[in-house]
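The following exercises are to be worked through with the sequence and the coordinates at hand. Each task is followed by a solution in steps.

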Amino acid sequence: MNPRETPVSSVVRALDFPVENQNSCRDRGYDSFMPPSLSITSAGVLSFEKARHLVEEHAAQVRPGEVETLDLLAAVGRVLAEAILADRDFPPFDRATRDGYAVGAEDLAQIPTRLQIVGEIKAGDWPDPATCVVAHGQAAGIMTGAPLPSGADAVVMVEHTSPAGAFVEVRRAVSRGENFVPRGSEARAGQLLLDRGRRLDHAGIAIAASVGRSRVQVFRKPRVAVLSTGDELVGIDATPAPAQIRNSNSYSLAAQVQAAGAEAVRLPIAPDERTRLRALIEEGLSCDLLLLTGGVSMGKYDLVEQVLAELKAEFYFTGAEIQPGKPVVFGSCGSCRAGAPARLLTSEAPSARPGVFAPNKKYFFGLPGNPVSTMVTFELFARPMIEALSGLPPQPLIFLRARLKSEIRTKTGLKRFLPAVLSGGFENAEVELARWQGSGDIAALARANCYAVIPPDRERIEAGEWVPLLMR
Ligand code: AMP
Ligand code: MG
């Protein structure tokens, strides 16, 4: 990247570096390299990179839900379960891109010159092959979006012409092929335009609409259970007693789940009490994914892991060397809930790794309860699983970069994702940390618009240095 040219446009494609590139990981915002073949057995507290990679490995094993056919606009944000092909050539004819005159470029070898007008073609007209043919010394008026008449091989812009009766004076030469797009040059009939596994954004919708697809096949949205735990929590409509806290995490998580393209199923608040917690976890495991918040730290009443262990959960990690969010937990339950409905599968080939993919296996994340930790760990770990369950292929974690406005001092040992404010335009974008009181400070997060990513081995980052940013 040339920093002077593109201050905040450096895209870091994380976690897919080939082995020979390991040294560049630090430059790109990653301080260690993980081999692609890391096995799905590690547990304990992992580096951010290992933890993320493990999630990605598991995400690669899951399958999206059933296919459904939706009206085009109901499918916005959904993931395509079918490929969309060009139904005809794009453009379907040599399409003028300017208003002006269709000409033979050779006729303009000497300018100015006078050409005879043989007709006019507006968008939607088909030039009459009997009358509207551009021969030597002739031109046809043409509008943007209209088909080029035969005999013409360029369009001269109207700004460079002066019509006079049956003739037009042309003051500027054009090259062959100028100001029109040749038939089929964007796509040939039958060519793949959108692949299966592509999320339908407005560009995809334009393509589906252009090929006449008023209904499209997409994957069902995954259902993601959101379960907040904690004796101190009350519903957001309640008036909290002095020591109580409104359950904001259920709502912020549901918002993140929805923004990731899934359906959030908010469960009732789970108390820090085994029986009720277990019943709600079991309920959550009937969804495609379970997100818990709270109860995963070292406190006496942090029961989430214990209850999951009672349910024979397999844990892949029980912490990541990050801040905020260190106590984050990732695991799965095989057939935790007797009689749980098996998730219907598409007709895809089974997993390439026998034994890893089990149709009844349900993944869960135990996200730390501190609201900022909940939000950060969702972005870093839960999102890729939701995307996989939605039918998306693996998406790289993308970082921008900006210059640091003022010096940062931190302790080493953890990779930090600190709420930060990116400001300025493209030419002078700079970032500074938001003032915050730690992982519970949602007011600071609301003032921020990104996270500055601080590597675990840096005590001090000076003003003016480039730092990676995770946008939100
Ligand atoms: P925990 O992870 O359960 O130890 O909780 C850490 C902190 O986050 C505590 O201050 C909790 O009160 C707070 N917290 C936990 N769950 C929620 C929630 N659902 N909404 C808002 N704050 C929460
Ligand atoms: Mg708690």
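Helices (H or I, at least four residues) and strands (E, at least two) are taken here as DSSP runs, numbered from the N terminus. The model is predicted: local features need pLDDT of at least 70, side-chain atom pairs count only at pLDDT 80 or more, and totals for chains, interfaces and linings use all residues. Residues are numbered from 1 along each chain as its sequence is written, chains are lettered from A and ligands numbered from 1 in the order in which they are written, and side-chain values use heavy atoms, with hydrogens and water left out.

**Exercise 1. The surroundings of the ligand**

Determine which elements each supply at least two residues of the shell around ligand 1, and describe that shell.

Step 1. A residue belongs near the ligand if one of its heavy atoms lies within 4 Å of it. By this criterion 16 residues surround ligand 1, and the closest are Glu232, Asn247, Asn249, Gly295 and Gly369.

Step 2. The elements sought are β17 (245–246) and α3 (248–259).

Step 3. For the composition, Ala, Val, Leu, Ile, Met, Phe, Trp, Tyr, Cys and Pro count as nonpolar, Asp, Glu, Lys and Arg as charged, and the others, Gly among them, as polar. The shell then divides into 3 nonpolar, 11 polar and 2 charged residues.

Step 4. Polar contacts are pairs of N or O atoms within 3.5 Å; within protein, one must be able to donate a hydrogen and the other to accept it, and residues adjacent in sequence count only if both atoms are side-chain atoms. Glu232 places a polar side-chain atom 2.5 Å from an oxygen atom of ligand 1. An N or O atom in the side chain of Asn247 is 2.9 Å from a nitrogen atom of the ligand. Gly369 contributes a polar backbone atom, 2.9 Å from an oxygen atom of ligand 1.

Step 5. Taken alone, ligand 1 exposes 490 Å², of which the protein buries 78%. Such areas come from the Shrake-Rupley method with a 1.4 Å probe; for residues, only the protein chains shown count as cover.

**Exercise 2. The nonpolar cores**

Which residues touch the most other members of the largest nonpolar core, and which element gives its largest share?

Step 1. Buried means under 20% relative accessible area, exposed over 50%, and partly exposed in between (1.4 Å probe, protein chains only). A nonpolar core is a set of buried Ala, Val, Leu, Ile, Met, Phe, Trp, Tyr and Cys residues joined through side-chain atoms within 4.5 Å.

Step 2. The largest core has 42 residues, among which Phe365, Phe381 and Phe417 touch the most other members. Elements giving two or more residues to this core include α1 (48–59), β15 (223–228), α3 and β24 (362–367). The largest share, 11 residues, comes from α6.

Step 3. Contact means heavy atoms within 4.5 Å. Apart from residues up to four places away in sequence, Phe381 touches Phe48, Ala51, Arg52, Val55, Phe317, Ala320, Ile322, Val328 and Phe365.

Step 4. A second, separate core of 22 residues includes Leu267, Val304, Leu311 and Cys333.

**Exercise 3. Two residues and their burial**

Explain why Ala434 and Glu387 are classed as they are.

Step 1. Ala434 is found in the loop between β28 (430–433) and α7 (442–447). Its relative accessibility is 10%, so Ala434 counts as buried. Beyond its neighbours within four places in sequence, Ala434 is in contact with Pro419, Ala420, Val421, Ala444 and Ala448.

Step 2. Glu387 is found in helix α6. Because its relative accessibility is 12%, Glu387 counts as buried. With neighbours within four places in sequence set aside, its contacts are Arg199, Leu392 and Gln395.

**Exercise 4. Backbone geometry**

Locate the peptide bonds to Pro112 and Pro324, and state their geometry.

Step 1. A cis peptide bond joins Ile111 and Pro112, with omega about -5°. Pro112 lies in the loop between β6 (100–103) and β7 (113–121).

Step 2. The bond from Gln323 to Pro324 is cis, with omega near 0°. Pro324 is placed in the loop between β22 (322–323) and β23 (329–333).

Is Lys312 buried or exposed?

Step 1. Lys312 lies in the loop between α5 (304–310) and β20, and its phi is near 65°, a positive value in a residue other than glycine.

Step 2. Lys312 has 72% relative accessibility and therefore counts as exposed.
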